[in-house]
Amino acid sequence: MFNEPHPLEVKIITKRFGLPNSASIDTYLANDGYKAFLKAVEMTPEDIINELKTSNLRGRGGAGFPTGMKWGFIPRDNPKPKYVVVNADESEPGTCKDRLLMENDPHQLIEGCLIAGRTIGAKRGYIYIRGEYRYLIDIMDKALAEAYAHGWLGQNIKGTGIDFDLYTHSGAGAYECGEESALLESLEGKRGVPRIRPPFPAVSGLYASPTVLNNVETFSSVPAILLMGGQAYADIGTPKNGGTRMLCVSGHVNRPGVYEVPLGFPMMTMINEVCGGMRNGKKLKGVIPGGSSSPVLRAEECDFPMDYDNYAARKTMAGSAGMMVMDEDTDIVKVALRTMRFYAHESCGWCIPCREGTTWLRKMLTRIDEGAGRRADIDLIHELSKNMLGRTFCPLGDAAAMPTIAFVEKFRDEFEARLRETAVPVTSPDQLIAIS
Amino acid sequence: MAITYSPALEAKLQEIWARYPEGRKRSAIIPMLIYAQDEVGSVTPELVEDLARRCEITPLQVEEVVGYYSMLHKEKWGKHHVQICTNIACLLMGGEELWHHATKRLGIGHRQVTADGLISLEEVECAGACAWAPCVVDGYEYHHHVTVEKLDQLLDSIQRVQ
């Protein structure tokens, strides 16, 4: 299933992927496995945090928050138990990288958690994996059992006096649970609705205790950083954007796949060389660069080095690195509608601007897609989206509004063309009546 | 009415229960529900009652969760629950055609079951296979780069086994 590697890749966290039995602890131990943890035991928590700060590692889940800083926020003198939580709820459309990290190198993730536990003084951690990934839960459970059997988890790990228990936790189908505070609610056995912040999870997370919560890829990067040194890792990327990232490229390219490249890798090189160019010799229309929440880029905006700051300069975001490439034949109205159907389905209903906003946007986009739209609808979609921004507990409302604003602003002609086309048959599920 | 599980599931439920600290057993409810649902076939009132007791919460608190998560269901699904992704990456690669083909071939729609109880269909949101789109998930088994022909082969194989 995993695509062929490309010579332009820089393999830091995927370096063991091609090895025989790469998921087994024997392969891991034979290839630097658990050495970073032993190194971390010799270091003070401050040293580990400083090493991460030097590395310029930024959260790989979507927000891009500096990891060292996040770990530094944990009040280590707080008498409450502390927790390590892994966000493996990968469900941002366009993203399929955490899957590969858990499938091909589960021990790297376990070691990253172990180091986090050692740093903040946590004795327990949970890996929250989306329910659809049952086969990965099985792989992780097997890897955890191996780690216990070899003494890398449990009591007094390898005579260091450190105790750490790590478990998987299955989700049950909710995009919202990829948002950190909703994930914690879900982990506590409740509906996945977001919490107001502050307090942030670092102070009051799982069971109202200090919690380090990061994406799979973030934790998986930590062992390599400690082994190679923060500075060496930072040098791979661009200033303030350390290291490598797994980019998930999908859509109309010849070799879609997941590739590990340094931050600051040029997007057009990614499309034209690593992914083998556009499929069927078509022209590029646009790219959704960082998962469905990120505003679309038109073809002429796509020539830039991909690091967090350069995405931001183009008023979009690096997000979860799910790059969806669209060729000239792509129907942007359909893409905008499908995006909104997703958010309307996944809105948890907690905040009214999001619950109602996504539903109304879906209805209006459906109307335009079916040729029944009114001219005023285009501006109404734009205005409604703008009114959703910043008015919800969690970023789902923004995540629905931002791409919609960009679709309308950058491809307005396509929306207008739909107003004139009227002979479209009704096929949308919104117009079908479910009988059950 | 008491409910009994297979020894394997009973062991799994106890293992899940043990993962959470004392006084925090509510955390176990979602994993327990999803593993138990796989065996029981759906979330039944007996299941709700039993898991509420194990997790030290009320049946209503279990119902809240069941109503929220899209993988938890009170209706019986088909022996094979076929999920077709039509989210953006799959849409670009033909996921919608697969969905329309499956609904026409089986004569059922979203979250419906064939009359023989063999297959249920669901149009799902992103399943995390974007680079290998379009994808179809049969139960928990992923199929990548699916075409109409491959989908037909999958449905044929399900229907033939019966």
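Let's start with strand β1 of chain A, residues 83–88, in this predicted model. Six of its six residues are buried, so the strand is largely enclosed by the rest of the structure. Here buried means under 20% relative accessible area. If you look along β1(A), the side chains split into two sets: Y83(A), V85(A) and N87(A) point one way, while V84(A), V86(A) and A88(A) point the other way. Both sets are buried.

What does β1(A) pair with? One partner is strand β2 of chain A, residues 124–129, which runs parallel to β1(A) and is joined to it by six bridges. To find this pairing on screen, look at V84(A), which stands opposite G125(A) in β2(A). Another partner is strand β4 of chain A, residues 211–215, again in a parallel arrangement, with five bridges to β1(A). A handy place to spot that contact is V86(A), whose bridge partner in β4(A) is N214(A).

In general, strands of a sheet pair through backbone hydrogen bonds, either parallel or antiparallel.

Now move along the chain to an open sheet of five strands, ordered β6-β5-β11-β8-β9 in chain A, with mixed pairing. The edges are held by β6 (257–262) and β9 (297–298) of chain A; each has a single partner strand, so one side of each is left without a neighbour in the sheet. Within this sheet order, β5 sits next to β11. Four bridges join β5(A), residues 244–251, to β11(A), residues 322–327, and the two run parallel. You can pick out this pairing at V249(A), whose bridge partner in β11(A) is M323(A).

Conventions: Residues numbered from 1 in each chain as written. Chains lettered and ligands numbered in written order. Predicted model: local features only at pLDDT ≥ 70, side-chain atom pairs only at ≥ 80, totals over all residues. Heavy atoms only, no water. Buried < 20%, exposed > 50% of the residue type's maximum accessible area, 1.4 Å probe, protein only. Pairing = 2+ DSSP bridges.
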